[in-house]
Amino acid sequence: MLSHPVIKVAAKVVGAVLLALSLIYIWQKAGALLASVSADDFTLSMLCILVSGGVVYGALLAFLAIAWAKTANAPATITLSQIFAIYGRAVLAKYLPGSIFQYASRQLFGASKGLTQKDMAKASLLEIILHIVCASVIAAVTLIISGSAIMVAILALAICTLILMLGRHRAHISYGEALALQLLFFGGFAMIVMMAALSIGTNLPDAMVMTAIFMIAWIAGFVVPLAPGGIGVREAVIIALGANIAPGETLLLFAALTRLITLLGDVCFGLSSYWVTFTDARAKRQASFKQ
């Protein structure tokens, strides 16, 4: 078994490589997205939503990080900044081909902070399940509010799934906390997406339907393992499902805008995790010098 110092060194090396590769991939995809739409199509309101939405989305990722740490039985000695550092690096690693590096990244960096492989694996599995369920709940709610009551069945199924899941593990309060935090994340995420739909000129009812479509597309991109960050899959589903809601050009613009928002948010949260690691290490060195 590898010693703790060896794991720390490996984490630093792998972290640097993952950061470089992830940023290169994100840069290429962001450039391709911008090239797919005309600069004249981006209005001031859309640019404002892009920047503000990206920053808020990045902040919302903190809910997912805390939820994951709670179900991973993170030791009391681990700080909130260390949790963000572990999770933030994985957020960038998901853009590498295969989409498995985000979970491998957590296993490696979490181990360097004292988390066990078994607990982290369980937490990641629970997170995957909650991602799908909570995104489905938010999609169903937005459709119901917009008048598409046919989705009540989907909402009821999702609620039953949650009840069964929590009932089976009622002794673990962390599961309920993780559920609440994930619902907060996806609820906030949906608000950002709806604002993006409104910024391109969509009326409120259609914007809510497009938000639900986005959530369904997000799930599709999430469950396809070979699509880094769901890129390509999410956009294709949005255009396919939204054909009766808006013209193709509008859907393409919506898909590009929401993708850029999530890219910006992921980069903000991911880079902040590296900054936290750097500042913590510098603080420790300064403290050791004073001693």
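Over the ring of which residue does the charged end of Arg89 sit? Hi everyone, let me answer that one straight away. The ring belongs to Phe109, and the charged end of Arg89 lies 4.6 Å from its centre. Please keep in mind that we are looking at a predicted model.

Let's stay with Arg89 for a moment and look at its surroundings. Arg89 is one of the buried residues of helix α3. That helix covers residues 80-93, and it is mostly covered, with 11 of its 14 residues buried. Among the buried ones are Gln82, Ile83, Gly88 and Leu92. How far apart are the end C-alpha atoms of α3? They are 20 Å apart, and this agrees with the 20 Å that 14 residues should span at 1.5 Å a residue.

Now to the aromatic rings. Searching the whole structure turns up 10 aromatic pairs. Take Tyr57 and Phe189: their rings form a tilted pair, 4.9 Å centre to centre, with 50 degrees between the planes. Tyr57 belongs to helix α2, residues 44-71, while Phe189 belongs to helix α7, residues 173-199, so this pair ties together parts that are 132 residues apart in sequence. Are these two rings on buried or exposed residues? Tyr57 counts as buried because its relative accessibility is 3%, under the 20% cut-off. Phe189 is buried as well, with a relative accessible area of 1%.

A second pair brings us back to α3. Trp68 and Tyr87 are also tilted, at 6.4 Å centre to centre and 55 degrees between the planes. Here Trp68 sits in helix α2 and Tyr87 in helix α3, and the pair links parts of the chain 19 residues apart. Trp68 has 2% relative accessibility and counts as buried; Tyr87, at 3%, counts as buried too.

Let me widen the view. Which residues join Tyr57 and Phe189 in one aromatic cluster? They are Phe185, Phe186, Phe214, Trp218, Phe222 and Phe254.

Finally, let's step out to the surface. Met195, Leu198 and Leu204 make up a nonpolar patch there, with about 240 Å² of accessible area together. Leu204 lies in helix α8, which runs over residues 204-223. Why does Leu204 count as partly exposed? Its relative accessibility is 46%, and partly exposed residues fall between 20% and 50%.

So, if you have the structure open, you could begin at Arg89 over the Phe109 ring, go on to the Tyr57 and Phe189 pair, and end at the patch of Met195, Leu198 and Leu204. Thanks for listening!

Definitions and conventions. Residues are numbered from 1 along each chain as its sequence is written. This is a predicted model: local features need pLDDT of at least 70, side-chain atom pairs count only at pLDDT 80 or more; totals for chains, interfaces and linings use all residues. Side-chain values use heavy atoms; hydrogens and water are left out. Rings of Phe, Tyr and Trp (its six-membered ring) pair if their centres lie within 6.5 Å; planes under 30 degrees apart count as stacked, over 60 as edge-to-face and the rest as tilted. Helices (H or I, at least four residues) and strands (E, at least two) are DSSP runs, numbered from the N terminus. Buried means under 20% relative accessible area, exposed over 50%, partly exposed in between (1.4 Å probe, protein chains only). A charge sits over a ring if NZ of Lys or CZ of Arg is within 6 Å of the ring centre and within 35 degrees of the ring normal. Patches are made of residues with over 30% relative accessible area and no salt bridge: like charges are joined within 9 Å, nonpolar side chains (Val, Leu, Ile, Met, Phe, Trp, Tyr) within 5 Å. Accessible areas come from the Shrake-Rupley method with a 1.4 Å probe; for residues, only the protein chains shown count as cover. A salt bridge is a side-chain nitrogen of Lys or Arg within 4 Å of a carboxyl oxygen of Asp or Glu. The expected span of a helix is 1.5 Å times one less than its number of residues.
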